[in-house]
Amino acid sequence: MTDVTSTWTEPSNTPLALLLLGKATDPASERGVDCPGDLPAPSDPDLVARATAAKAALGDRVFVLGHHYQRDEVIQFADVTGDSFKLAQQAAARPDAEFIVFCGVHFMAESADILTTPSQRVILPDLAAGCSMADMAVLGQVETAWEHFQDLGITDQIVPVTYMNSSADIKGFVGRNDGVVCTSSNAKRALDWSFEQGSKVFFLPDQHLGRNTAVLEMGFELDDCVLYDPHKPQGGLTDEQLINARMILWRGHCSVHGRFTIDSVREVRERVPGVNVLVHPECRHDVVRAADYVGSTEYIIKALDAAPSGSAWAVGTELNLVRRLALAHPDKQIMFLDRAVCYCSTMNRIDLPHLVWTLEELVAGRVPNVITVDEKTAREARVALDRMLALP
Ligand code: SF4
């Protein structure tokens, strides 16, 4: 791993940097589930050696996937790194691996289970690694909204589109209602396809990706978009608003990317003249508008790889990734867009003790924390995923 560079400045800590999660099972959320078994102590000096030995003992039986937002201590053991979609594809491309250890969050492991063979088992090293955005769209809420659209007689005009960052049952809902999954890389293509099938899109669960794509990439007006709040009667919208809207956005967001503000952009421009502001489309609309570049995690990595030596970049995405990119490019001034720490607290649940515990359990012949999607949900979600894969 690259040593610390002189250009990287660690953002300051805040009480919100790592949100505390519950310990007991929470059936309404992906989070707050204790791991069974004895985790090694984080202070154990042999953790790296233990992970190395367990992985070597498992050989080709195990394939370790590492999301870009994972900690360095975990990423060093990943056979492949990527965003959620790339990792699901990589899992599907390894049918011989008996165990897929997914160092990411719950919805990603579900997608990997849907795309892998029935004999493969997908394992999440910490069951508390959920996603707050995915939790913001619960199937019952979405079905209630859909029933309301049916009462208004508009469902035959609506194509449901869900971001990859959603639970398997939301992808299943979208699959059985003739919709499509999208990622932050192909959201425009998914919307282009959807508007060929109907005149409205019901976009789940990230309002910002939906709004940013429709307004900044497809030329829609902000007034073409309405925000459906599942906690308000009829979504907090009048019948007329729903009938006239072109984009019905679910009120969900990423708690990490949603923290960047227009003030963060102003502040960094004043502090670093000539800085390029590069943000993820999960950021708020005003932040994306104020940025110089916007794109998916893979886009951000490529943009910084290609950036000229000596250039300055303020990056609005998860901190583990920004720090890793800064250390990989010591000739460029790469900084975090915000002055305060902003990790994805659930991604950070996967740490080296959990990875060691998982690998050693597998060596011992026990298979912990298997993520399984039921057959019907998997079949319907697969339809929506396959439509995405077939996008032009
Ligand atoms: S960064 Fe945001 S969208 Fe990604 S897993 Fe964390 S909370 Fe979910």
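These legends accompany several close-up views of a predicted model.

**View 1. A four-stranded open sheet and its strand order.** Welcome to the sheet! Four strands make up this open sheet, in the order β11-β10-β12-β13, and their pairing is parallel. Its edge strands are β11 (293–294) and β13 (333–336), each of which pairs on one side only. Look next at β10 (residues 276–279), which pairs with β11 in the parallel sense over two bridges. Which residue of β11 is the bridge partner of Leu 278? That partner is Tyr 293.

**View 2. A helix lying across the sheet.** Now add helix α13 (residues 297–306) to the picture. This helix lies across β10, β11, β12 (312–316) and β13. If you follow α13 and β10, you will find the helix running at about 155 degrees to that strand.

**View 3. The largest nonpolar core.** Here is a general idea to keep in mind as you look inside. In soluble globular proteins, nonpolar side chains tend to be buried together. In this model, the largest nonpolar core has 127 residues. Which of them touch the most other members? They are Phe 149, Phe 202, Phe 203, Met 247 and Ile 248. Helix α4 (residues 106–115) gives this core its largest share, six residues.

**View 4. The surroundings of Phe 203.** Let us zoom in on one residue of that core. Leaving aside neighbours within four places in sequence, Phe 203 is in contact with Val 161, Cys 182, Leu 191, Leu 209 and Gly 210. Its contacts also include Met 247, Ile 248, Leu 249 and Trp 250.

**View 5. Two loop residues with positive phi.** Most residues other than glycine have a negative phi, so the two residues shown here are worth a look. Asp 178 has a phi near 65 degrees, and its place is the loop between α7 (168–176) and β6 (180–182). The phi of Gln 234 is near 55 degrees, and this residue is found in the loop between β8 (225–228) and α10 (239–244). Is Asp 178 buried or exposed? Asp 178 counts as exposed because its relative accessibility is 53%, and the cut-off is over 50%. Gln 234 has a relative accessible area of 42%, so it is partly exposed.

**View 6. Two cysteines in a structure with zero disulfides.** A disulfide is a covalent bond between the sulfur atoms of two cysteines. How many disulfides does a search of the whole structure find? The search finds zero. Cys 103 is buried, with a relative accessible area of 0%. Cys 344, at 16% relative accessibility, also counts as buried, because the cut-off is under 20%.

Methods
Residues are numbered from 1 along each chain as its sequence is written. This is a predicted model: local features need pLDDT of at least 70, side-chain atom pairs count only at pLDDT 80 or more; totals for chains, interfaces and linings use all residues. Side-chain values use heavy atoms; hydrogens and water are left out. Buried means under 20% relative accessible area, exposed over 50%, partly exposed in between (1.4 Å probe, protein chains only). A disulfide is a pair of cysteine sulfur atoms within 2.5 Å. Two strands pair if DSSP finds at least two bridges between them. Contact means heavy atoms within 4.5 Å. Axes are lines fitted to C-alpha atoms, for helices over the stretch in contact, and angles run from 0 to 180 degrees between N-to-C directions. A nonpolar core is a set of buried Ala, Val, Leu, Ile, Met, Phe, Trp, Tyr and Cys residues joined through side-chain atoms within 4.5 Å.
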